Every structure is written in structure tokens, then in C-alpha cells.
Amino acid sequence: MGYRILETEDVADYLRERGHWDPDAADPQVREVSDGNMNRVFLASAADGTHSLAVKQALPWVRVAGPSWPMSPERADAEARAYEQVAKVAPDKIPAIHGYDAENYALVMEDMSDLEVLRTVLNEGGRYGPDTSRRIGEFVAQLSFATSDFGMPSAARKALIAASVSPELCKITEDVVLCEPYVEHEHNHWHPGLDHLAACFRSDPRLRTEVAELRHTFMTSAQALLHGDLHTGSVMVGTREGAPVVRVFDPEFSFVGPIGFDLGLYWANTLVSEARATALGAGGDHGDQLRLSWDAFRAEFRRLWPARVDTFFDDAFLDRFLDRVWTESLGYAGVEIIRRIIGFAHLTDLTTLPDPVPASRRALLLGRELVIRRAEFTGPEDVRTAIATIG
Ligand code: SR1
Ligand code: MG
């Protein structure tokens, strides 16, 4: 039948055709809840509240831009592949996937509308709590160890790398995160109060060279399968039966790349959430999250290490490897902060502040420090010192 773009009124029949909805049951109530930049999401719920499903479909363009920015819907294949890999090692940290329809680039998955997007919780003054960043750190360790040369035999790894190539989505990141904020580009925009700093960032040769290095690492360092877009809008949190729940979703930018990219994106978003809280004079636990996620990542990676498939990699190499991940994560945190303020796809954490300029300015300066001085930072306390120094 071929690829068809689903509208709200098509979803009930679609779910029946695909065997996800009892043919004898009443039609589900369907509503569109699309929120991210890229795709459409529908929720289909039984009228009696007994069950519900989410349907996520990739459009042949970037949803927020429309047909003027075409984008292959094959990104949904990458997302389905990533969920498949994560399901093997961290099934408790992703939504349940009920099926993938490659012809229509559509995933049918668990309805998580009882949970909340982490960014929304934070923007509304909520806390991370003790579990969120720990689980994110574990998530990155579990996925990256299993899909690295430590977790997979060499030939299987090469097959994974080949199957996970995702040129269009990588190109978005190479452009919007790892290039455009440092040159003139129509995607870039910023608050007029940041004109001077934005101009400085475009004419800073030291910053540019460091970003070029991070860009090249992103393009060439096939360490492990990544989520690829692990910001606080890609995490749902809440409680179920009294227990905390953390779910990572939206891995459509997944590819085999540098592990620090996933950690760095998460760190950037925690640091920006902290900038918001500070600007509002609100308390919170934002400032602990980089350390909590890094400690959890490192502990989990070390816990898995004895099971590595290639013991030529010795313990001293592990220390060196983790140091490299640390340093690169800081750099990626820096570029993510910068692009979210003077590049494309800004963050509501800052844009919804009564005056976004002072917090954005401090965040930009922190981003620059993380990029330029990443090799000098020996641990999370150095990040705290940098934040305190910027003031
Ligand atoms: C055109 S896509 C812009 C951004 O949205 C996604 O969530 C990624 O973060 C991407 O960089
Ligand atoms: Mg997304």
C-alpha cells in the first residue's frame, strides 16, 4: 500500500489493521500530542480507560519546519533499531515497544501520558529527585558498554556500525550543534541582548578549533550506539505504584558515535535547568545532576567491565578510556549549551524566563569554558568551580 501519513482520524483503523486493537472493541479515542521538533505522536485510548497506546510516525520533513525542510522518514528505522538494542540491556529504562511498521515509519508503543517530560517538571519548579540522573548514567553505560567493542565481538560490532549509519540525522547534529552557531547561518537566532556575545562566539578562533575537534570526533569516533539526542525533553519521569519511573525515549538520532555525546547532551540540559532555577531564585537539586549521572555511568561501566569480550583491553586502558569519555562529555555539554542559546532549537528553560538574557549569558560563558578548558577539568567539582567563577 505504501507510506501514508496518518491523521488523527486514521489511527483507529490503522491500529486495527496492524493487530494492535481488538477488532470487536469500540473505537479508541485518538488525539494528536506531537511535541518534539521532528515527528507526529498520537495517543489512542479505550473510552473505558482500560488500555491505551501511542503511535509515533516520522514525516518526510522536520515537523516544526514543514515541507520546506525535507527529512527522510527513515529516521524511524534508526529509532526502532535503537529501542531493540536498549531492550536487550536496559528494558526498564525505555517505553515498551509493541511493534514497528517500516513501511509507514510508525512505532506503536506504550502510552506514557501518566508520566511527565523531565524538562516540563523542571520548568514548573520540580526537582530531579534521587533516581533520575542515576538512571540516566546507568542507561548510557548499559547501552554503550553492550554496543562497544567491550560488549560485542568484533564482527558483530562492524555489522552494528554498518546497520546504524544515519547520515541525514548525523548531518543535522554536525550542522546545528557542531558548526552553525560559530558561523553566520539562517538557522541561528538569539535574544538581541546577546548580540555582542553571539558575535564574539562567531569570531573566536580558539573556540572554533575546539568545536572542530569535537565535530571531527562526532564524525569519526564509533565507540558505541548512542541515543543521539539525550536532552531533558527525551526523558519521562513519574511514579507508578509508588515507585519512581524514568523512561528515555525518542532515540531517532541514534548512531554509533562517541559516548560522551549522550552524557554531554544530558549534562548541558541539567546545567541550563540550573541556570533557570538560579535566575528565578529557586532552590533545587539541579547542581548535583552532572555528578550523579557521571558517577552512575562510571560505576555501571566498571561493573560491566569484567564481562568484556576482549580482555586485551586491560584495567589501565579502562581508566584511560573513561578519562577520555569524561573530557569529551564536557566538550559536548559546552556545544549543546551554546547551540541552544544562539543556534537552532532553543530551550524553554531559558526562553520562558521573564528576562532570559542574564541566565543565557552565564550559560553561554559556561558553555565556552566547557569546550575550551575541558581537558583541564578533572571532575564534577571543577564544573562547580567554573559556574561559581562565572557568577
Ligand atoms: C531540526 S532538528 C533540531 C533539533 O531537534 C532535535 O530534537 C535535535 O535536538 C535537533 O538538533
Ligand atoms: Mg526528539
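## Polar contacts to ligand 1

Let's start with Asn37: in this predicted model, one of its polar side-chain atoms sits 2.7 Å from an oxygen atom of ligand 1. Asp229 also places a polar side-chain atom 2.7 Å from an oxygen atom of the ligand. Arg339 joins in, with a polar side-chain atom 2.9 Å from an oxygen atom of ligand 1. How much of the accessible area of ligand 1 does the protein cover? Of the 310 Å² that ligand 1 has on its own, 96% is covered by the protein.

## The shell and its pocket

Which other residues are around ligand 1? Besides Asn37, Asp229 and Arg339, the list holds Met38, Val62, Trp69, Val176, His231, Phe253, Arg340 and Phe344. Sorted by class, this shell has six nonpolar residues, two polar ones and three charged ones. If you are looking for the site on the structure, the space that ligand 1 takes is the largest pocket.

## Two domains, one ligand

Now for the wider layout. The domain assignment splits the protein chain into domain 1, residues 8-110, and domain 2, residues 116-390. Their C-alpha centres are 26 Å apart. The contact between them takes 23 residues from domain 1 and 29 residues from domain 2.

Where does ligand 1 lie with respect to domain 1 and domain 2? Both domains give residues to the shell around ligand 1, so the ligand lies between them.

Technical notes
Residues are numbered from 1 along each chain as its sequence is written. Chains are lettered from A and ligands numbered from 1 in the order in which they are written. This is a predicted model: local features need pLDDT of at least 70, side-chain atom pairs count only at pLDDT 80 or more; totals for chains, interfaces and linings use all residues. Side-chain values use heavy atoms; hydrogens and water are left out. A residue is near a molecule or strand if one of its heavy atoms lies within 4 Å of it. A polar contact is a pair of N or O atoms within 3.5 Å; within protein, one must be able to donate a hydrogen and the other to accept it, and residues adjacent in sequence count only if both atoms are side-chain atoms. Accessible areas come from the Shrake-Rupley method with a 1.4 Å probe; for residues, only the protein chains shown count as cover. On a 1 Å grid over the protein atoms alone, a cavity is a set of points where a 1.4 Å probe fits but cannot get out, and a pocket is an open set with protein on both sides within 12 Å along at least five of seven lines; lining residues have an atom within 4 Å of a point. A molecule sits in a cavity or pocket if more than half of its atoms lie within 2 Å of its grid points. Ala, Val, Leu, Ile, Met, Phe, Trp, Tyr, Cys and Pro count as nonpolar, Asp, Glu, Lys and Arg as charged, and the others, Gly among them, as polar. Domain bounds come from an automatic or database domain assignment. Contact means heavy atoms within 4.5 Å.
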